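Work through the exercises below with the sequence and the structure at hand. Each task is followed by a solution in steps.

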Amino acid sequence: MQDAPRDHLPQTVRAERRPVDEHDSLRANRADWDRYADEYQATHGAFLGDAGFLWGPEGVREDDLHALGEVDGRRVLELGCGAGQCSRWVLGQGGLPVGLDVSMRQLQHSRRIDLELGTAVPTVCAGAAALPFADDVFDVVFSAFGALQFIADADALVLEIARVTRPGGRLAFSVTHPTRWMFPDDPGEGGLVASQSYWDRTPYVEVDDETGETSYVEHHRTLGDWVRALAAAGYRLVDLVEPEWPADHDRVWGGWSRVRGLLTPGTALYVADLA
Ligand SMILES: C[S@@+](CC[C@H](N)C(=O)[O-])C[C@H]1O[C@@H](n2cnc3c(N)ncnc32)[C@H](O)[C@@H]1O
């Protein structure tokens, strides 16, 4: 099954598809990212860059895409900021970032990098489904494979993001390209054969074999689901970027690889403005 850019399936879990609510998604993913954070940063930190802004495993950079628009002097919220690399990039552009993440261990890595670089990215440890901010405070909200595909109720999430965004503000977020859910999560040839329904929204779940508890969850939406969620919250879609795999790029990251990337899109990046 497709998942966000993770590289491992812990040996004591089994993968399946079953309904999971918001509470269980938050509990499972917080614990999973706390466990996985050290490995994630050790494996991908150099590729991400301590103050770099990558939109996904294809290596597309915000420096080239400008999906956020102008950030200088703007209040910018990052959802699922991990070690704050993207927010640190925003800081370097003169922006006023806040990084939010559900994993305290990820945020400790952000603090570690800040101490090494002499920067200071403000961070908040919270789940993105209930944002601990007042109404209309951010000019830009973004997420690079962060929280959006970990939340059970996408419609409520987009409304919550709109609540904290000022009128005319921007939302930009990247997620696993919805078409990837048709394929096994295999970076090789096996990941090129469609075997699951694109329209099956049943969450991808990892279950701990010993306890039977949910240990990781991802929620799937189709391209149309996201467009409808944005429209219902008052956003106008201004772009849907599907980054192409660069000819000279040969990095495997979870299910993302050159083999698959040359044939199918791996990332969908939505850019939308609030009315
Ligand atoms: C694939 S990582 C991406 C992190 C960062 N954007 C990057 O590019 O390295 C996903 C991040 O989302 C965070 N996350 C997962 N569920 C979340 C939730 N419900 N609310 C906020 N953050 C969440 C994880 O802790 C993790 O740091």
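**Exercise 1: Helix 3 and its surroundings**

Just after helix 3, G94 has a positive phi of about 90 degrees. The model is a predicted one.

Task: Find which residues of helix 3 are buried and which elements they pack against.

Solution.
1. Helix 3 covers residues 85–92, and seven of its eight residues are buried.
2. The buried residues are Q85, C86, S87, R88, W89, V90 and L91.
3. Their packing partners include two helices, helix 1 (22–48) and helix 2 (62–65).
4. They also pack against strand 2 (75–79), strand 3 (96–101) and strand 5 (138–144).

**Exercise 2: The sheet of three strands**

Task: Give the strand order of the open sheet of three strands, and explain why one side of strand 1 and of strand 8 has no neighbour in the sheet.

Solution.
1. The order is 1-7-8, with antiparallel pairing.
2. Strand 1 (13–17) and strand 8 (214–218) are at the edges; each has a single partner strand, so one side of each is left without a neighbour in the sheet.
3. From one strand to the next, the twist averages 20 degrees.
4. Five bridges pair strand 1 with strand 7 (residues 204–208). Along this pairing, A15 is opposite E206, and E16 has V205 as its bridge partner.
5. Strand 7 and strand 8 are joined by four bridges, again antiparallel. Here V207 faces T214 in strand 8.
6. Strand 7 and strand 8 make a hairpin with five residues between them. In the turn, G212 has a positive phi of about 75 degrees.

**Exercise 3: The sheet of seven strands**

Task: State the order of the open sheet of seven strands, then place helix 4 relative to strand 3 and strand 4.

Solution.
1. The strands follow the order 4-3-2-5-6-10-9, and the pairing is mixed.
2. The edges are strand 4 (123–125) and strand 9 (235–241); since each has a single partner strand, one side of each is left without a neighbour in the sheet.
3. Ignoring direction, neighbouring strands are turned by 15 degrees against each other on average.
4. Strand 3 and strand 4 run parallel and are joined by three bridges. D101 has C125 in strand 4 as its bridge partner.
5. Helix 4 (residues 104–117) lies across strand 3 and strand 4. Its direction makes an angle of about 165 degrees with strand 4.

**Exercise 4: Two residues with positive phi**

Task: H66 and F145 have positive phi although neither is a glycine. Decide whether H66 is buried or exposed, and do the same for F145, buried or exposed.

Solution.
1. The cut-offs are 20 or more other C-beta atoms within 10 Å for buried, and 12 or fewer for exposed.
2. H66, with phi near 55 degrees, lies in the loop between helix 2 and strand 2. There are 12 other C-beta atoms within 10 Å, so H66 is exposed.
3. F145, with phi of about 55 degrees, lies in the loop between strand 5 and helix 5 (154–164). F145 has 21 C-beta neighbours inside 10 Å and therefore counts as buried.
4. For a further case, take D63, which lies in helix 2. With 10 other C-beta atoms within 10 Å, D63 is exposed.
5. D63 is 166 residues from A229 in sequence, and their C-alpha atoms are 28 Å apart in space.

**Exercise 5: Nonpolar cores**

Task: Name the residues that touch the most other members of the largest nonpolar core, and list the contacts of V141.

Solution.
1. As background, nonpolar side chains in soluble globular proteins tend to be buried together.
2. The largest nonpolar core has 55 residues, of which V141, V158, A172, L230 and Y270 touch the most other members.
3. Leaving aside neighbours within four places in sequence, V141 is in contact with L77, L79, I161, T165 and L171.
4. A second, separate core has six residues, among them L26, W33, Y36 and A37.

**Exercise 6: The shell around the ligand**

Task: How many residues surround the ligand, and which are the closest?

Solution.
1. The shell has 24 residues, and the closest are W33, G80, G82, S103 and F150.
2. Helix 1 and strand 3 each supply at least two residues of this shell. Helix 1 gives the most, with four residues.
3. By class, the shell divides into 16 nonpolar, seven polar and one charged residues.

Methods
Residues are numbered from 1 along each chain as its sequence is written. This is a predicted model: local features need pLDDT of at least 70, side-chain atom pairs count only at pLDDT 80 or more; totals for chains, interfaces and linings use all residues. Two strands pair if DSSP finds at least two bridges between them. Axes are lines fitted to C-alpha atoms, for helices over the stretch in contact, and angles run from 0 to 180 degrees between N-to-C directions. A residue is near a molecule or strand if its C-beta atom, placed from the backbone, lies within 6 Å of it. Ala, Val, Leu, Ile, Met, Phe, Trp, Tyr, Cys and Pro count as nonpolar, Asp, Glu, Lys and Arg as charged, and the others, Gly among them, as polar. A nonpolar core is a set of buried Ala, Val, Leu, Ile, Met, Phe, Trp, Tyr and Cys residues joined through C-beta atoms within 7 Å.
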